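Trainee: I would like to learn how to read a protein model step by step, beginning with one small detail and working outwards. Could we start from a single side chain and then move on to the whole?

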Amino acid sequence: MLQTVWVSSPGRWTLREPACHRGGKQTSWKCRFVRTIIQHPCQRHDIKRPGKVRMLKKIQICLCFFFVSGILYEISLLSSCFFSYVPMSKHFLTPEQVLNLGKSIIFLETTERLEPPPLVSCSVESAARIYQDRPIILFMKGLTNDTALDLNSSYAAFSLLSSMKNVFIFPLQMEIVFQETPLLQWYNQVVPEQEKNWVHVSSDASRLALIWKYGGIYMDTDVISIRPIPEESFLAAQKSRFSSNGIFGFPAHHKFIWDCMENFVLKYNGNIWGNQGPFLMTRMLKTICNLTDFKGTEDHRCQNISFLNPQRFYPIPYPAWGRYYQVWDKIPNFNHSYALHLWNFMNNNRKAVVAGSNTLAEKLYKAYCPTTYEDLIQNAELRDFTRSEDVA
């Protein structure tokens with residue numbers, strides 16, 4: 001079982017109402033059990049008994065109450081019987097419990113850093129705002145179960161994200177993530193220290209395993225969400241006839257993702273950047289689809305997979321990535337986009353969002369991750385200005 005680490009103050013979580021009946025029949029033994037308890041509560045007798053007997057009876061009633069409460073709590077966590085709105089502390093939730101709630105939005109940090117940069121924070125915050133009824137999960141390789149519990153007070157971005165009620169931050173434990181997948185054998189044989197692109201390759205593998213096991217949507221940490229994605233099974237076209245792996249979504253145990261994991265191992269070459277990522281997705285898509293050029297803003301569909309138009313996530317293509325950090329005379333509305341990929345891998349000069357710069361990226365931060373913008377950019381610059389004044 002995956003393990004967890006404390007990352008947040010207590011929050012509240014909304015669980016949806018599934019059906020207890022199907023075709024007139026109850027579908028869960030827990031539904032029948034709870035209904036029996038409700039219809040036939042523990043009996044209380046008014047007959048006077050000696051003190052010890054009355055005390056035993058009270059203990060039995062209390063035990064009955066706690067037993068039923070425990071069953072109801074488990075059911076509410078699994079969302080398996082009836083609607084509930086349960087206050088709970090994230091401290092007690094494991095990655096599996098959260099992932100099993102379904103339809104998670106998953107982010108990965110496969111470096112050892114513990115302080116998410118502003119762009120990572122913006123990506124997670126924007127997803128949390130757009131998908132308020134879904135768990136947003138950031139897996140961080142640098143986290144361990146022995147990590148100090150005061151991380152949220154040590155790092156501004158960590159604290160900011162942890163305070164969001166539907167954001168969960170967990171350690172990324174690859175040896176557990178790859179279990180029961182074709183990737184486990186590869187992981188046990190590979191030597192990370194000898195890999196040229198290990199940060200990227202390990203991320204490519206982890207996202208496949210997590211989506212195959214639990215379903216949901218994977219997003220790179222430089223993707224800013226601007227509206228919900230209506231598709232369940234989809235790949236994102238970076239350009240015509242070429243798929244990215246920076247954002248994709250599938251239900252759990254989808255055959256396409258399993259086939260991708262098998263091909264990952266069969267065609268593994270860690271020396272070629274992207275061979276296990278976008279090139280993998282593209283070659284696997286070509287085995288089942290006859291890819292053609294996109295016309296206008298149409299999407300393509302092959303079997304049960306939507307191949308989404310480049311306008312959905314890549315309206316600014318990678319050769320023009322620097323335009324995100326420029327001032328525009330007229331800001332585009334991105335009406336055909338669900339999210340925007342900011343091409344952080346291309347950002348070798350580490351262009352950053354600066355308060356008051358009036359760049360496109362600054363406007364996106366203000367609109368879609370305002371807390372990150374205020375806390376990590378405006379306040380940071382104010383603190384730096386104050387320090388410089390004190391030194392002078």
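Mentor: Let us begin with Asn275, where a polar atom of the side chain lies 3.0 Å from the backbone oxygen of Lys267. Please keep in mind that this is a predicted model.

Trainee: Which side chain makes a polar contact with the side chain of Asn275?

Mentor: That partner is Gln276, whose side chain makes a polar contact of 2.5 Å with the side chain of Asn275. If we leave aside the neighbours within four places in sequence, Asn275 is in contact with Lys267, Tyr268, Asn269, Leu280 and Arg283.

Trainee: Where does Asn275 lie, and does Asn275 count as buried or exposed?

Mentor: Asn275 belongs to the loop between α10 (255-266) and α11 (278-286). A residue is called buried when its relative accessible area is under 20%, and Asn275 counts as buried because its relative accessibility is 12%.

Trainee: Now I would like to turn to the strands. In what order do the strands of the open sheet of eight strands stand?

Mentor: The general idea is that strands of a sheet pair through backbone hydrogen bonds, either parallel or antiparallel. Here the order is β7-β6-β5-β8-β11-β10-β13-β12, and the pairing is mixed. The strands β7 (167-171) and β12 (300-302) stand at the edges with a single partner strand each, so one side of each has no neighbour in the sheet. On average, neighbouring strands of this sheet are turned by 25° against each other, direction ignored.

Trainee: Which helix packs on the sheet?

Mentor: Helix α11 does, touching β10, β11 and β13, and its direction makes about 85° with that of β11.

Trainee: How can I see the mixed pairing in β10, and in which sense does β10 pair with β11 and with β13?

Mentor: Strand β10 (residues 234-239) pairs with β11 (residues 242-250) in the antiparallel sense over four bridges, whereas β10 and β13 (residues 305-308) pair in the parallel sense over three bridges. To find individual bridges, look at Ala237, whose partner in β11 is Ser243, and at Leu235, whose partner in β13 is Phe307. Two residues lie between the strands in the hairpin of β10 and β11, and Arg241 in that hairpin takes a positive phi near 65°. As for cover, five of the six residues of β10 are buried.

Trainee: How many bridges join β6 to β7 at the edge?

Mentor: Five bridges join β6 (residues 136-140) to β7, and these strands run parallel; in one of the bridges, Met140 has Pro171 of β7 as its partner.

Trainee: Which residues touch the most other members in the largest nonpolar core?

Mentor: That core has 52 residues, and those touching the most other members are Ile136, Met219, Ile229, Ile247, Phe313, Tyr324 and Tyr365. Helix α4 (residues 118-130) gives the most to this core, with five residues. There is also a second, separate core of 45 residues, which includes Val98, Trp186, Phe248 and Met281. Returning to Ile247, its contacts beyond four places in sequence include Met219, Ile229, Phe234 and Phe313.

Trainee: How much of the whole protein is buried?

Mentor: Of the 392 residues in the protein, 48% are buried. The protein has 13 helices and 14 strands, and it exposes about 20,300 Å², of which carbon and sulfur atoms supply 53%. Finally, among contacts between residues at least 6 apart in sequence, 75% join residues at least 24 apart.

How values were computed
Residues numbered from 1 in each chain as written. Predicted model: local features only at pLDDT ≥ 70, side-chain atom pairs only at ≥ 80, totals over all residues. Heavy atoms only, no water. Buried < 20%, exposed > 50% of the residue type's maximum accessible area, 1.4 Å probe, protein only. Pairing = 2+ DSSP bridges. Contact = heavy atoms within 4.5 Å. Areas by Shrake-Rupley, 256 points an atom, 1.4 Å probe, with all protein chains shown as cover. Core = buried A, V, L, I, M, F, W, Y, C linked by side-chain atoms within 4.5 Å. Polar contact = N/O pair within 3.5 Å; in protein donor to acceptor, adjacent residues only side chain to side chain. Axes fitted to C-alpha atoms, helices over the stretch in contact; angles between N-to-C directions.
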